[in-house]
Amino acid sequence: MKDKILIVEDEFIVANDLRIMLTDAGYQVVGIASSVEKARALILAQQPDWILLDIILRGSLTGIDLAWELIGQQLPFLYISANTNQRTLEAVKATQPYGFMVKPFRDTDLLVMLEIAKYRRNVEQGLANANAHTRPASTPHIEGVIGTAGGLAAVMQRIAVVAPAETSVLILGESGTGKERIAHAIHEFSDRSKMPFVVVNCAALPVNLIESELFGHERGAFTGANNRRIGKFEQANGGTIFLDEIGELPQDAQVKLLRVLQEKEIERLGSSQTIKVNVRIIAATNRNLEREVADGSFRLDLYYRLNVFPLVLPPLRNRKEDIPALAMHFTRKYSVACKKMITGITPAVLAQLAAYDWPGNIRELEHLIERSVLTATGIEITKVELPQSAASPVTDPEAKPAGIQTLVEVERAHILSALKACQGRVYGPGGAAELLDVPATTLYSKMKRLGIKQGYV
Ligand SMILES: Nc1ncnc2c1ncn2[C@@H]1O[C@H](COP(=O)(O)OP(=O)(O)OP(=O)(O)O)[C@@H](O)[C@H]1O
(Lines give C-alpha, C1' and ligand atoms only; values in the text may rest on other atoms or scores of the structure.)
Protein backbone atom coordinates (compact mmCIF):
# COMPACT_ATOMS: atom_id res chain seq x y z
CA MET A 1 0.00 0.00 0.00
CA LYS A 2 1.24 3.50 -0.85
CA ASP A 3 2.52 5.59 2.06
CA LYS A 4 0.29 8.60 2.70
CA ILE A 5 2.11 11.92 3.03
CA LEU A 6 0.85 15.27 4.26
CA ILE A 7 2.80 18.35 3.13
CA VAL A 8 2.82 21.21 5.63
CA GLU A 9 4.24 24.13 3.68
CA ASP A 10 3.01 27.70 3.29
CA GLU A 11 4.57 28.43 -0.12
CA PHE A 12 2.14 26.98 -2.59
CA ILE A 13 4.59 26.61 -5.49
CA VAL A 14 7.08 24.69 -3.36
CA ALA A 15 4.29 22.53 -1.96
CA ASN A 16 2.86 21.82 -5.39
CA ASP A 17 6.28 20.83 -6.79
CA LEU A 18 6.68 18.50 -3.85
CA ARG A 19 3.27 17.01 -4.45
CA ILE A 20 4.05 16.25 -8.10
CA MET A 21 7.45 14.81 -7.28
CA LEU A 22 6.15 12.59 -4.47
CA THR A 23 3.18 11.39 -6.52
CA ASP A 24 5.52 10.51 -9.40
CA ALA A 25 7.65 8.57 -6.94
CA GLY A 26 4.64 6.47 -5.89
CA TYR A 27 3.55 8.22 -2.70
CA GLN A 28 -0.01 9.29 -2.01
CA VAL A 29 -0.11 12.99 -1.09
CA VAL A 30 -3.19 13.39 1.10
CA GLY A 31 -3.09 17.16 1.39
CA ILE A 32 -1.20 20.42 1.59
CA ALA A 33 -1.56 22.53 4.74
CA SER A 34 -0.28 26.08 4.99
CA SER A 35 -0.79 26.39 8.76
CA VAL A 36 -0.72 24.22 11.88
CA GLU A 37 -4.51 24.53 12.23
CA LYS A 38 -5.05 23.20 8.68
CA ALA A 39 -2.51 20.46 9.27
CA ARG A 40 -4.35 19.31 12.40
CA ALA A 41 -7.61 19.02 10.48
CA LEU A 42 -5.99 17.11 7.61
CA ILE A 43 -4.22 14.76 10.01
CA LEU A 44 -7.52 13.94 11.67
CA ALA A 45 -9.32 13.46 8.36
CA GLN A 46 -6.60 11.71 6.34
CA GLN A 47 -4.43 9.89 8.91
CA PRO A 48 -1.18 10.31 6.97
CA ASP A 49 1.76 7.97 7.49
CA TRP A 50 4.34 10.76 7.14
CA ILE A 51 4.38 14.51 7.54
CA LEU A 52 6.75 16.82 5.68
CA LEU A 53 7.10 19.92 7.82
CA ASP A 54 8.19 23.39 6.89
CA ILE A 55 9.11 25.48 9.95
CA ILE A 56 7.75 28.95 9.24
CA LEU A 57 4.06 28.65 8.44
CA ARG A 58 1.00 30.86 8.24
CA GLY A 59 -0.37 31.80 11.66
CA SER A 60 1.38 32.04 15.00
CA LEU A 61 2.39 28.37 15.32
CA THR A 62 5.47 26.89 13.65
CA GLY A 63 6.29 23.48 12.26
CA ILE A 64 8.23 22.83 15.47
CA ASP A 65 5.08 23.41 17.54
CA LEU A 66 3.27 20.90 15.35
CA ALA A 67 6.17 18.47 15.70
CA TRP A 68 5.60 18.27 19.46
CA GLU A 69 1.97 17.36 18.85
CA LEU A 70 3.02 14.73 16.31
CA ILE A 71 5.30 13.16 18.91
CA GLY A 72 2.26 12.77 21.16
CA GLN A 73 0.41 11.08 18.32
CA GLN A 74 3.40 8.92 17.37
CA LEU A 75 3.28 10.31 13.83
CA PRO A 76 6.64 10.41 12.07
CA PHE A 77 7.79 13.67 10.46
CA LEU A 78 10.67 15.19 8.52
CA TYR A 79 11.53 18.85 8.20
CA ILE A 80 12.02 20.67 4.92
CA SER A 81 13.19 24.17 5.66
CA ALA A 82 15.50 26.97 4.57
CA ASN A 83 15.87 28.00 8.18
CA THR A 84 19.20 26.75 9.53
CA ASN A 85 20.11 29.17 12.28
CA GLN A 86 21.59 27.59 15.36
CA ARG A 87 18.65 28.25 17.68
CA THR A 88 16.17 26.75 15.25
CA LEU A 89 18.37 23.72 14.75
CA GLU A 90 18.57 23.22 18.52
CA ALA A 91 14.77 23.35 18.73
CA VAL A 92 14.49 20.99 15.76
CA LYS A 93 16.92 18.50 17.33
CA ALA A 94 14.88 18.39 20.53
CA THR A 95 11.93 17.02 18.52
CA GLN A 96 14.04 14.12 17.16
CA PRO A 97 12.78 14.21 13.56
CA TYR A 98 13.30 11.42 11.04
CA GLY A 99 15.21 13.88 8.86
CA PHE A 100 15.92 17.48 7.95
CA MET A 101 16.36 18.72 4.39
CA VAL A 102 17.64 22.21 3.70
CA LYS A 103 15.76 24.01 0.93
CA PRO A 104 16.46 24.14 -1.99
CA PHE A 105 17.20 20.45 -2.46
CA ARG A 106 17.28 17.96 -5.32
CA ASP A 107 14.29 15.65 -5.71
CA THR A 108 16.49 12.59 -5.33
CA ASP A 109 17.88 13.86 -2.02
CA LEU A 110 14.41 14.10 -0.53
CA LEU A 111 13.40 10.68 -1.86
CA VAL A 112 16.53 9.11 -0.40
CA MET A 113 15.88 10.78 2.95
CA LEU A 114 12.32 9.42 2.90
CA GLU A 115 13.52 5.92 2.03
CA ILE A 116 15.96 5.94 4.94
CA ALA A 117 13.31 7.34 7.29
CA LYS A 118 10.85 4.60 6.24
CA TYR A 119 13.46 1.95 6.84
CA ARG A 120 14.24 3.34 10.29
CA ARG A 121 10.55 3.54 11.15
CA ASN A 122 10.03 -0.09 10.10
CA VAL A 123 12.92 -1.25 12.24
CA GLU A 124 11.63 0.73 15.23
CA GLN A 125 8.11 -0.58 14.82
CA GLY A 126 9.40 -4.10 14.46
CA LEU A 127 11.22 -3.68 17.75
CA ALA A 128 8.20 -2.10 19.42
CA ASN A 129 5.95 -4.94 18.24
CA ALA A 130 8.43 -7.50 19.46
CA ASN A 131 8.29 -5.80 22.87
CA ALA A 132 4.52 -5.46 22.99
CA HIS A 133 2.74 -7.83 20.62
CA THR A 134 -0.64 -6.34 21.29
CA ARG A 135 0.12 -2.65 20.91
CA PRO A 136 -1.76 -1.21 17.91
CA ALA A 137 0.29 0.88 15.48
CA SER A 138 -1.07 4.32 16.17
CA THR A 139 -2.51 6.28 19.07
CA PRO A 140 -5.60 8.45 18.77
CA HIS A 141 -5.05 12.18 18.87
CA ILE A 142 -6.99 13.95 21.59
CA GLU A 143 -6.68 17.71 21.49
CA GLY A 144 -4.58 18.95 24.40
CA VAL A 145 -3.89 15.48 25.79
CA ILE A 146 -0.25 14.51 25.58
CA GLY A 147 0.84 10.92 25.82
CA THR A 148 3.90 9.61 24.05
CA ALA A 149 5.06 6.11 23.23
CA GLY A 150 5.94 4.26 26.38
CA GLY A 151 4.10 6.93 28.34
CA LEU A 152 0.38 7.47 28.27
CA ALA A 153 0.03 5.97 24.78
CA ALA A 154 -1.39 2.66 26.02
CA VAL A 155 -4.05 4.51 28.06
CA MET A 156 -4.94 6.62 25.03
CA GLN A 157 -5.56 3.49 23.01
CA ARG A 158 -7.89 2.21 25.72
CA ILE A 159 -9.70 5.54 25.64
CA ALA A 160 -10.30 5.15 21.92
CA VAL A 161 -11.79 1.72 22.59
CA VAL A 162 -14.11 2.73 25.42
CA ALA A 163 -15.13 6.25 24.36
CA PRO A 164 -17.72 5.33 21.70
CA ALA A 165 -19.30 2.69 23.95
CA GLU A 166 -21.82 3.54 26.65
CA THR A 167 -19.86 1.73 29.33
CA SER A 168 -19.17 3.32 32.70
CA VAL A 169 -15.51 4.03 33.25
CA LEU A 170 -13.54 4.09 36.48
CA ILE A 171 -10.37 6.17 36.32
CA LEU A 172 -7.76 5.42 38.95
CA GLY A 173 -4.65 7.46 39.59
CA GLU A 174 -2.82 9.76 41.95
CA SER A 175 -3.83 13.38 42.25
CA GLY A 176 -2.81 15.46 39.24
CA THR A 177 -2.32 12.51 36.86
CA GLY A 178 -5.02 13.86 34.56
CA LYS A 179 -8.14 11.93 35.62
CA GLU A 180 -10.52 14.79 34.90
CA ARG A 181 -8.76 15.64 31.64
CA ILE A 182 -9.05 12.03 30.49
CA ALA A 183 -12.71 11.84 31.54
CA HIS A 184 -13.34 14.90 29.40
CA ALA A 185 -11.47 13.31 26.52
CA ILE A 186 -13.68 10.21 26.74
CA HIS A 187 -16.73 12.46 26.57
CA GLU A 188 -15.30 14.40 23.62
CA PHE A 189 -14.63 11.15 21.77
CA SER A 190 -18.13 9.78 22.37
CA ASP A 191 -21.43 10.33 20.58
CA ARG A 192 -22.42 12.47 23.55
CA SER A 193 -19.79 15.11 22.81
CA LYS A 194 -22.36 17.75 21.86
CA MET A 195 -24.28 17.19 25.11
CA PRO A 196 -23.26 18.40 28.61
CA PHE A 197 -20.20 17.20 30.49
CA VAL A 198 -20.95 17.78 34.17
CA VAL A 199 -18.26 17.56 36.83
CA VAL A 200 -19.01 16.76 40.47
CA ASN A 201 -16.24 16.65 43.03
CA CYS A 202 -17.71 14.39 45.71
CA ALA A 203 -14.98 15.38 48.20
CA ALA A 204 -15.77 19.09 47.93
CA LEU A 205 -19.44 18.76 48.92
CA PRO A 206 -20.75 18.72 52.49
CA VAL A 207 -22.16 15.24 53.18
CA ASN A 208 -25.67 16.54 53.80
CA LEU A 209 -25.75 18.32 50.44
CA ILE A 210 -24.37 15.60 48.20
CA GLU A 211 -27.71 13.97 47.45
CA SER A 212 -29.45 17.21 46.67
CA GLU A 213 -26.50 18.25 44.50
CA LEU A 214 -26.59 15.00 42.54
CA PHE A 215 -30.30 14.31 42.34
CA GLY A 216 -31.92 17.71 43.03
CA HIS A 217 -34.70 18.53 45.47
CA GLU A 218 -38.23 19.84 45.54
CA ARG A 219 -39.15 23.02 47.33
CA GLY A 220 -39.55 22.34 51.04
CA ALA A 221 -37.75 18.98 50.86
CA PHE A 222 -35.66 19.99 53.86
CA THR A 223 -35.09 23.08 55.98
CA GLY A 224 -33.64 25.74 53.76
CA ALA A 225 -34.88 24.19 50.49
CA ASN A 226 -36.75 27.30 49.42
CA ASN A 227 -36.78 26.48 45.74
CA ARG A 228 -36.80 23.44 43.52
CA ARG A 229 -33.30 22.48 42.50
CA ILE A 230 -32.31 20.51 39.40
CA GLY A 231 -29.53 18.07 40.29
CA LYS A 232 -26.36 17.31 38.36
CA PHE A 233 -27.76 14.08 36.90
CA GLU A 234 -30.65 15.94 35.31
CA GLN A 235 -28.26 18.66 34.11
CA ALA A 236 -26.13 16.00 32.48
CA ASN A 237 -29.06 14.32 30.73
CA GLY A 238 -27.97 13.06 27.30
CA GLY A 239 -24.33 13.66 28.22
CA THR A 240 -21.73 12.51 30.72
CA ILE A 241 -21.32 13.01 34.45
CA PHE A 242 -17.85 12.89 35.95
CA LEU A 243 -17.90 11.91 39.62
CA ASP A 244 -14.48 12.82 40.97
CA GLU A 245 -13.32 11.36 44.31
CA ILE A 246 -16.08 8.74 44.16
CA GLY A 247 -14.59 7.08 47.26
CA GLU A 248 -15.92 10.01 49.32
CA LEU A 249 -19.56 9.28 48.48
CA PRO A 250 -21.63 8.54 51.63
CA GLN A 251 -23.47 5.20 51.83
CA ASP A 252 -26.96 6.64 51.16
CA ALA A 253 -25.77 8.38 48.03
CA GLN A 254 -24.03 5.17 46.95
CA VAL A 255 -27.37 3.34 47.05
CA LYS A 256 -28.98 6.02 44.90
CA LEU A 257 -26.10 6.01 42.45
CA LEU A 258 -26.44 2.27 42.09
CA ARG A 259 -30.07 2.80 41.21
CA VAL A 260 -29.15 5.29 38.48
CA LEU A 261 -26.74 2.77 37.06
CA GLN A 262 -29.26 -0.07 37.17
CA GLU A 263 -32.59 1.61 36.44
CA LYS A 264 -31.42 4.80 34.79
CA GLU A 265 -33.76 6.84 36.91
CA ILE A 266 -33.56 9.31 39.78
CA GLU A 267 -35.88 10.88 42.33
CA ARG A 268 -35.43 14.44 43.50
CA LEU A 269 -35.29 14.75 47.29
CA GLY A 270 -38.78 15.37 48.61
CA SER A 271 -40.46 13.81 45.59
CA SER A 272 -41.68 10.30 44.92
CA GLN A 273 -41.82 10.82 41.19
CA THR A 274 -39.14 9.01 39.24
CA ILE A 275 -37.38 10.78 36.39
CA LYS A 276 -35.70 8.85 33.60
CA VAL A 277 -32.17 10.01 32.88
CA ASN A 278 -29.76 9.00 30.16
CA VAL A 279 -26.33 9.76 31.57
CA ARG A 280 -23.00 8.08 31.11
CA ILE A 281 -21.03 7.82 34.33
CA ILE A 282 -17.31 8.27 34.58
CA ALA A 283 -15.98 8.02 38.11
CA ALA A 284 -12.50 8.64 39.45
CA THR A 285 -10.59 8.16 42.64
CA ASN A 286 -7.07 8.39 43.97
CA ARG A 287 -7.97 5.96 46.75
CA ASN A 288 -7.67 2.21 46.76
CA LEU A 289 -11.36 1.37 46.24
CA GLU A 290 -10.82 -2.34 46.75
CA ARG A 291 -9.57 -1.61 50.23
CA GLU A 292 -12.61 0.63 50.87
CA VAL A 293 -14.83 -2.25 49.74
CA ALA A 294 -12.96 -4.63 52.03
CA ASP A 295 -13.42 -2.38 55.08
CA GLY A 296 -17.09 -1.83 54.23
CA SER A 297 -17.07 1.88 53.38
CA PHE A 298 -17.74 1.36 49.68
CA ARG A 299 -20.50 -0.91 48.37
CA LEU A 300 -19.30 -3.97 46.52
CA ASP A 301 -22.23 -3.94 44.06
CA LEU A 302 -21.52 -0.32 43.16
CA TYR A 303 -17.84 -1.06 42.81
CA TYR A 304 -18.61 -3.86 40.31
CA ARG A 305 -20.96 -1.60 38.37
CA LEU A 306 -18.40 1.18 38.10
CA ASN A 307 -15.38 -1.00 37.56
CA VAL A 308 -16.56 -2.30 34.18
CA PHE A 309 -13.71 -0.56 32.41
CA PRO A 310 -10.94 0.60 34.72
CA LEU A 311 -8.34 3.00 33.38
CA VAL A 312 -5.23 3.34 35.47
CA LEU A 313 -3.29 6.57 34.95
CA PRO A 314 0.35 6.02 35.82
CA PRO A 315 2.10 8.64 37.95
CA LEU A 316 4.33 10.98 35.97
CA ARG A 317 7.48 9.54 37.58
CA ASN A 318 6.64 6.23 35.87
CA ARG A 319 6.20 7.76 32.43
CA LYS A 320 9.02 10.22 32.18
CA GLU A 321 8.97 9.77 28.39
CA ASP A 322 5.99 12.12 28.41
CA ILE A 323 7.79 14.94 30.23
CA PRO A 324 9.42 16.74 27.25
CA ALA A 325 6.20 16.76 25.21
CA LEU A 326 4.10 17.81 28.21
CA ALA A 327 6.57 20.53 29.16
CA MET A 328 6.55 21.89 25.60
CA HIS A 329 2.75 21.70 25.51
CA PHE A 330 2.50 23.83 28.66
CA THR A 331 5.23 26.17 27.44
CA ARG A 332 3.19 26.88 24.31
CA LYS A 333 -0.02 27.18 26.31
CA TYR A 334 1.38 29.71 28.79
CA SER A 335 3.48 31.66 26.34
CA VAL A 336 0.28 32.31 24.39
CA ALA A 337 -1.57 33.17 27.62
CA CYS A 338 1.23 35.49 28.79
CA LYS A 339 1.72 36.94 25.29
CA LYS A 340 5.37 35.85 25.24
CA MET A 341 7.39 34.20 22.47
CA ILE A 342 8.93 31.26 24.30
CA THR A 343 9.70 28.55 21.80
CA GLY A 344 11.76 26.02 23.69
CA ILE A 345 13.32 24.55 26.79
CA THR A 346 17.05 24.02 27.09
CA PRO A 347 18.36 20.43 27.23
CA ALA A 348 19.77 21.11 30.73
CA VAL A 349 16.30 22.06 32.00
CA LEU A 350 14.74 19.03 30.31
CA ALA A 351 17.30 16.86 32.10
CA GLN A 352 16.39 18.50 35.40
CA LEU A 353 12.70 17.82 34.76
CA ALA A 354 13.49 14.19 33.96
CA ALA A 355 15.48 13.78 37.17
CA TYR A 356 12.64 15.00 39.40
CA ASP A 357 10.00 12.69 40.89
CA TRP A 358 6.84 14.81 40.44
CA PRO A 359 4.75 13.96 43.52
CA GLY A 360 2.09 16.38 42.22
CA ASN A 361 2.22 14.77 38.76
CA ILE A 362 1.13 16.68 35.64
CA ARG A 363 -0.51 19.46 37.64
CA GLU A 364 2.82 20.18 39.37
CA LEU A 365 4.64 20.21 36.03
CA GLU A 366 2.03 22.53 34.55
CA HIS A 367 2.36 25.01 37.42
CA LEU A 368 6.14 24.91 37.27
CA ILE A 369 6.16 25.65 33.54
CA GLU A 370 3.60 28.41 34.00
CA ARG A 371 5.90 30.11 36.56
CA SER A 372 8.96 29.54 34.37
CA VAL A 373 7.27 31.09 31.33
CA LEU A 374 6.35 34.12 33.42
CA THR A 375 9.91 34.62 34.64
CA ALA A 376 11.72 33.68 31.39
CA THR A 377 13.52 36.58 29.77
CA GLY A 378 14.67 35.08 26.44
CA ILE A 379 12.93 32.83 23.94
CA GLU A 380 13.71 29.65 25.88
CA ILE A 381 13.16 28.39 29.39
CA THR A 382 16.70 28.24 30.70
CA LYS A 383 15.99 27.57 34.38
CA VAL A 384 13.29 26.10 36.60
CA GLU A 385 12.86 26.22 40.31
CA LEU A 386 12.21 22.71 41.53
CA PRO A 387 11.68 21.98 45.23
CA GLN A 388 14.92 21.82 47.25
CA SER A 389 14.94 18.05 47.53
CA ALA A 390 14.76 17.62 43.76
CA ALA A 391 17.77 16.10 42.12
CA SER A 392 19.51 18.56 39.83
CA PRO A 393 22.11 17.81 37.17
CA VAL A 394 24.64 19.72 39.23
CA THR A 395 24.30 17.48 42.26
CA ASP A 396 23.28 14.30 40.51
CA PRO A 397 26.07 12.96 38.34
CA GLU A 398 23.66 10.52 36.66
CA ALA A 399 21.49 13.31 35.35
CA LYS A 400 23.46 14.64 32.43
CA PRO A 401 21.62 16.66 29.80
CA ALA A 402 20.31 14.57 26.92
CA GLY A 403 22.64 14.59 23.93
CA ILE A 404 25.76 15.69 25.86
CA GLN A 405 28.57 13.14 25.67
CA THR A 406 31.17 12.63 28.37
CA LEU A 407 34.80 13.45 27.56
CA VAL A 408 35.61 9.73 27.48
CA GLU A 409 32.81 9.12 24.97
CA VAL A 410 34.03 12.02 22.84
CA GLU A 411 37.63 10.78 23.00
CA ARG A 412 36.60 7.27 22.04
CA ALA A 413 34.48 8.43 19.12
CA HIS A 414 37.26 10.75 17.95
CA ILE A 415 39.89 8.00 17.98
CA LEU A 416 37.54 5.64 16.18
CA SER A 417 36.90 8.17 13.42
CA ALA A 418 40.65 8.82 13.05
CA LEU A 419 41.27 5.07 12.79
CA LYS A 420 38.52 4.80 10.22
CA ALA A 421 40.01 7.62 8.18
CA CYS A 422 43.35 5.75 8.24
CA GLN A 423 41.79 2.35 7.45
CA GLY A 424 42.70 1.12 10.93
CA ARG A 425 46.41 1.96 10.64
CA VAL A 426 47.86 3.37 13.89
CA TYR A 427 51.59 3.67 13.38
CA GLY A 428 53.72 5.32 10.63
CA PRO A 429 53.01 7.75 7.81
CA GLY A 430 49.26 8.15 7.16
CA GLY A 431 48.50 6.41 10.46
CA ALA A 432 46.01 7.60 13.09
CA ALA A 433 48.80 8.64 15.54
CA GLU A 434 50.21 10.99 12.94
CA LEU A 435 46.74 12.32 12.14
CA LEU A 436 45.97 12.96 15.79
CA ASP A 437 49.46 14.35 16.38
CA VAL A 438 50.30 12.05 19.31
CA PRO A 439 53.06 9.44 19.70
CA ALA A 440 51.87 6.03 18.54
CA THR A 441 52.62 4.60 22.00
CA THR A 442 50.24 7.16 23.55
CA LEU A 443 47.54 6.25 21.08
CA TYR A 444 48.03 2.51 21.73
CA SER A 445 47.66 3.03 25.48
CA LYS A 446 44.60 5.22 25.03
CA MET A 447 43.04 2.56 22.77
CA LYS A 448 43.72 -0.08 25.38
CA ARG A 449 42.17 2.04 28.14
CA LEU A 450 39.09 2.76 26.00
CA GLY A 451 38.71 -0.85 24.90
CA ILE A 452 39.41 -0.16 21.23
CA LYS A 453 41.06 -3.17 19.65
CA GLN A 454 43.45 -2.85 16.75
CA GLY A 455 41.71 -3.78 13.53
CA TYR A 456 38.43 -2.64 15.15
CA VAL A 457 37.54 -0.50 12.15
N1 LIG B 1 -2.19 13.96 29.21
C2 LIG B 1 -2.27 15.29 29.46
N3 LIG B 1 -1.84 16.17 28.54
C4 LIG B 1 -1.88 17.49 28.80
N5 LIG B 1 -2.33 18.04 29.93
C6 LIG B 1 -2.79 17.21 30.88
C7 LIG B 1 -2.79 15.80 30.69
N8 LIG B 1 -3.29 15.23 31.79
C9 LIG B 1 -3.58 16.24 32.64
N10 LIG B 1 -3.30 17.43 32.10
C11 LIG B 1 -3.46 18.74 32.76
O12 LIG B 1 -2.93 18.60 34.09
C13 LIG B 1 -3.75 19.25 35.04
C14 LIG B 1 -4.21 18.25 36.11
O15 LIG B 1 -5.07 17.29 35.51
P16 LIG B 1 -6.45 16.81 36.17
O17 LIG B 1 -7.13 17.93 36.90
O18 LIG B 1 -7.22 16.13 35.11
O19 LIG B 1 -5.86 15.77 37.24
P20 LIG B 1 -6.66 14.84 38.27
O21 LIG B 1 -6.00 13.51 38.27
O22 LIG B 1 -8.12 14.89 37.97
O23 LIG B 1 -6.33 15.56 39.64
P24 LIG B 1 -7.14 15.40 41.06
O25 LIG B 1 -7.10 13.96 41.43
O26 LIG B 1 -6.31 16.25 41.98
O27 LIG B 1 -8.50 15.94 40.81
C28 LIG B 1 -4.90 19.87 34.25
O29 LIG B 1 -4.60 21.23 33.99
C30 LIG B 1 -4.92 19.08 32.96
O31 LIG B 1 -5.45 19.83 31.88
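Helices, here runs of at least four residues, and strands, runs of at least two, are taken from DSSP and numbered from the N terminus. The model described below is predicted. The results begin with the ligand and its surroundings, and then turn to the two sheets, a pair of helices and two residues of the loops.

The ligand is surrounded by 20 residues, of which the closest are Ser 175, Gly 178, Lys 179, Glu 180 and Arg 181. Three helices each supply at least two residues of this shell: helix H7 (179–188), helix H13 (323–337) and helix H15 (361–375). By character, the residues of the shell comprise nine polar, six charged and five nonpolar. Domain 2 (159–312) contributes residues to the shell around the ligand, and domain 3 (317–381) does so too; the ligand therefore lies between the two domains.

One open sheet consists of five strands in the order S7-S8-S11-S6-S12, and the pairing is parallel. Strand S7 (197–201) and strand S12 (309–312) stand at its edges; because each has a single partner strand, one side of each is left without a neighbour in the sheet. On average, neighbouring strands of this sheet are turned by 20° against each other, direction ignored.

Within this sheet, strand S6 (residues 169–172) is joined to strand S11 (residues 280–285) by four bridges, and the two strands run parallel. Leu 170 has Ala 283 in S11 as its bridge partner, and Leu 172 stands opposite Thr 285 in S11. Strand S6 is also joined to S12 by four bridges, again with the strands running parallel. In that pairing, the bridge partner of Ile 171 is Leu 311 in S12. Helix H7, which supplies at least two residues of the shell around the ligand, lies across S6, S7, strand S8 (240–244), S11 and S12. The direction of H7 makes about 165° with that of S8.

A further open sheet of five strands has the order S2-S1-S3-S4-S5, with parallel pairing. Its edge strands are strand S2 (28–33) and strand S5 (100–102), each of which pairs on one side only. From one strand to the next, the twist averages 20°. Three bridges pair strand S3 (residues 50–53) with strand S4 (residues 77–81) in the parallel sense. In this pairing, Phe 77 in S4 is the bridge partner of Ile 51. Helix H1 (residues 12–24) packs on the sheet, where it touches strand S1 (4–8), S2 and S3. The direction of H1 makes about 170° with that of S2.

Helix H13, another of the helices that supply at least two residues of the shell around the ligand, also meets helix H14 (residues 347–355). The axes of H13 and H14 come within 10 Å and cross at roughly 120°, and the crossing is right-handed. On the side of H13, the contact involves Ile 323, Pro 324 and Ala 327, which meet Leu 350, Leu 353 and Ala 354 in H14. The residues of this contact are six nonpolar, with no polar and no charged ones.

Two features of the backbone lie in loops. Lys 103 and Pro 104 are joined by a cis peptide bond, with omega of about -5°. Pro 104 is placed in the loop between S5, an edge strand, and helix H5 (107–131). Lys 339 has a phi near 55°, which is a positive value in a residue other than glycine. The loop that holds Lys 339 runs between H13 and strand S13 (344–345).

Notes
Residues numbered from 1 in each chain as written. Predicted model: local features only at pLDDT ≥ 70, side-chain atom pairs only at ≥ 80, totals over all residues. Near = placed C-beta within 6 Å. Nonpolar A, V, L, I, M, F, W, Y, C, P; charged D, E, K, R; others polar. Domains from an automatic or database assignment. Pairing = 2+ DSSP bridges. Axes fitted to C-alpha atoms, helices over the stretch in contact; angles between N-to-C directions. Contact = placed C-beta atoms within 7 Å. Left-handed = near helix turned anticlockwise from the far one by under 90°.
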